[in-house]
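Biologist: I have a model open and would like to learn how to read it. Could you walk me through its features?

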Amino acid sequence: MGQNVEIKDSVTLGEVLVIDTDRSFTGQDGHTITTSRDGHGVPGRLAERLFDLNLGIDHVYVLQNTVTVRRSSPWDDESAAAVADVTASFLRFYLDDEEDAGSEEK
């Protein structure tokens, strides 16, 4: 269930990675999430998944279809690709085999 988020473009500027997508994650208000300031809703869940990558990410800002991610060191291709992969698959959801089998019995 769900669809991939298309990554239209991404740019790195030192410690900042900006990802432009084809989906809106927020309304007109941006959401700032840091390691010391929890987020909520869709932007908060996306930030949580990005923090869980353990790439040194300390700040995520989500405004409509743009995700801006900062970490303490410059971005390398592998780390930037990991963030892009999490963002691209963020709106996908599949039940695992156990949950799927249980729903067929009902």
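Modeller: Gladly; we will go from the overall fold to the strands and then to the core. Keep in mind that this is a predicted model.

Biologist: Which pattern does the chain follow along the sequence?

Modeller: The chain has three helices and five strands, in the order β-β-β-α-β-β-α-α. Of the contacts with a separation of 6 or more, 58% are between residues 24 or more positions apart.

Biologist: How many bridges join β4 to its partners β3 and β5?

Modeller: Four bridges link β3 (residues 31–34) to β4 (residues 57–63), and the two run antiparallel. In that pairing, T34 has H59 as its bridge partner. Six bridges connect β4 with β5 (residues 66–71), again antiparallel, and there L63 is matched with T66. β4 and β5 make a hairpin with two residues between them, and Q64 in the turn has a positive phi of about 50 degrees.

Biologist: And how should I read the nonpolar residues?

Modeller: In soluble globular proteins, nonpolar side chains tend to be buried together. Here, the largest nonpolar core has 19 residues, and L50, I57, V60, V67, V69 and V83 have the most contacts inside it. At least two residues each come from β2 (16–21), α1 (41–51), β4, β5 and α2 (77–89). The most, four residues, come from α1.

Biologist: Which residues does V83 touch, leaving out those up to four places away in sequence?

Modeller: V83 touches L17, I19, L50, L53, L55, I57, V69 and W75.

Biologist: What share of the chain is buried?

Modeller: Buried residues are 28% of the 106 in the chain. The accessible surface is about 6700 Å², with 45% belonging to carbon and sulfur atoms.

Technical notes
Residues are numbered from 1 along each chain as its sequence is written. This is a predicted model: local features need pLDDT of at least 70, side-chain atom pairs count only at pLDDT 80 or more; totals for chains, interfaces and linings use all residues. Side-chain values use heavy atoms; hydrogens and water are left out. Two strands pair if DSSP finds at least two bridges between them. A nonpolar core is a set of buried Ala, Val, Leu, Ile, Met, Phe, Trp, Tyr and Cys residues joined through side-chain atoms within 4.5 Å. Buried means under 20% relative accessible area, exposed over 50%, partly exposed in between (1.4 Å probe, protein chains only). Contact means heavy atoms within 4.5 Å. Accessible areas come from the Shrake-Rupley method with a 1.4 Å probe; for residues, only the protein chains shown count as cover.
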